[in-house]
Amino acid sequence: GLGISEAGCAFCGQCITHCPTGALSARDDTDRVFDAIEDSETVTVMQIAPAVRSAWADALGCADELATEKRMVAAAKALGIDYVFDTNFAADLTIMEEASELIKRITKGNAPTPMFTSCCPGWVRYMRLSYPELACNLSSAKSPQQMFGAVAKTYFAEKMGIDPKKICSISVMPCSSKKYECDVPELNSTDKDVDVVLTTREFSRMLKANHVNAEALSETEFDSPLGTGSGAGVIFGATGGVMEAALRTAHYLITGKNADADAFKTVRRADDYGIREAEVTINGKTLRAAVVSGLANTKALLDNIKSGRASYDFVEVMACPGGCAGGGGQPITDGVELSLCRGEKLYALDSKNALRFSHENPDVKALYTEFLEAPLSHKAHELLHTTYVKRSIN
Ligand code: SF4
């Protein structure tokens with residue numbers, strides 16, 4: 001029979017979170033992380049994705065108001081992780097690269113439009129399997145997970161004087177498809193940008209196994225220098241968030257000025273997760289944008305584009321309905337769909353963050369000054385971008 005890899009599965013994990021009989025589960029990688037923590041020669045570097053903070057303590061019996069980002073950091077430290085960083089940092093970096101790429105595509109016409117976001121491996125895999133002719137429309141920017149891993153094993157390792165071979169790069173993701181993404185050869189710029197991917201569920205299981213009492217933890221800051229994330233980074237975890245974050249920075253890159261941080265709210269989620277369209281005018285140029293989540297909705301959108309019924313400049317796609325907040329690696333709450341309220345938690349974190357723009361993230365700025373030079377530079381291409389080659393991707 002066919003293995004799941006050969007069956008055209010996107011690995012989004014929605015079947016796991018929505019299985020009425022609880023019969024499905026994802027591969028468990030917790031042992032690999034426990035082993036890395038135990039090994040005194042290994043330096044464990046963990047990144048935690050934006051959407052994880054909306055659900056990390058759900059299964060731990062922790063009161064909602066105590067389940068803060070900073071207690072999530074303390075929880076990872078309580079497991080024995082050496083460095084705990086924020087994937088929001090890499091989301092901001094993705095925006096710098098992706099917004100620059102979008103402007104180049106539109107002004108220079110050097111690559112086809114619409115440009116599609118490429119941070120969701122469920123979507124990228126679905127497209128490569130079902131619509132391979134559109135692969136050149138994918139942004140060449142790697143996902144925040146893979147960018148983070150590449151930066152951790154180069155810039156961070158160099159800065160701290162750590163041999164990159166000793167680093168175990170671990171990510172905590174709301175996603176089962178990220179376990180697949182970290183093994184895709186063309187998405188790795190170092191030997192292995194990310195060594196192990198844990199879902200939010202596995203992270204909770206590890207905390208339970210170690211008897212970590214989430215409510216009793218003291219609030220702890222993310223480590224530096226890859227620990228600062230803007231509000232634009234945190235909304236990556238909700239449908240429409242990548243688009244909104246990219247528009248905030250594209251506006252700055254085009255005009256030299258910030259728009260109001262809420263100026264592009266029109267691209268935020270539709271309650272029914274259908275296709276959301278918006279026209280945005282920057283400097284007299286109108287940009288046609290579309291946001292979609294859920295692969296059935298995505299299929300309808302792609303068919304509209306292919307038949308000429310719809311035409312856009314920039315399209316955000318997330319495989320899971322509601323985006324990563326409702327991801328296939330999030331805690332399972334039988335019979336209730338929590339992606340909307342989890343997404344709202346992320347928008348609330350954005351609105352109270354003093355930093356609302358990716359291009360203002362001081363750690364991202366330092367990374368460019370000290371190491372990468374500029375968005376789309378030669379070095380940025382080497383570490384942060386890919387080329388989607390036509391090949392069998394099972
Ligand atoms: Fe993973 Fe998010 Fe894509 Fe779902 S929407 S497959 S959680 S990246």
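In this predicted model, the residues S118, P121, V124, R125, R128, Y180, E181, V184, L187 and Y388 line the second largest cavity, whose volume is about 70 Å³. Helices α5 and α7 each supply at least two residues of that lining, and α5 gives the most to it, with 4 residues. Sorted by class, the lining of the second largest cavity comprises 6 nonpolar, 1 polar and 3 charged residues.

This space is one of 3 cavities of 30 Å³ or more that the structure holds. The largest cavity, with a volume of about 270 Å³, is lined by 26 residues, and C119, P174, C175, K178 and C324 are those that lie nearest its centre. To the lining of the largest cavity, α4 (87-108), α5 (121-130), α6 (144-160) and α7 (177-181) each supply at least two residues, and the lining is made up, by class, of 17 nonpolar, 8 polar and 1 charged residues.

From the cavities we can turn to helix α2, which spans residues 30-38 and has T30, V33, A36 and I37 as its buried residues. Viewed down the axis of α2, these buried residues fall within an arc of 125 degrees, and they therefore line one face of the helix. Because an α-helix has 3.6 residues a turn, residues three or four places apart point the same way. The cover over the buried residues of α2 includes the strands β1 (43-48), β4 (167-173) and β5 (196-199), together with the helices α3 (69-79) and α8 (200-209). On the face of α2 turned away from its buried side, by contrast, one finds the exposed residues D31, D35 and E38.

Key. Residues numbered from 1 in each chain as written. Predicted model: local features only at pLDDT ≥ 70, side-chain atom pairs only at ≥ 80, totals over all residues. Heavy atoms only, no water. Buried < 20%, exposed > 50% of the residue type's maximum accessible area, 1.4 Å probe, protein only. Arc of directions from axis to C-beta. Contact = heavy atoms within 4.5 Å. 1 Å grid on protein atoms, 1.4 Å probe; cavity = no way out; pocket = protein on both sides within 12 Å on 5 of 7 lines; lining within 4 Å. Points joined across faces, edges and corners; volume = space filled by probe spheres on them. Nonpolar A, V, L, I, M, F, W, Y, C, P; charged D, E, K, R; others polar.
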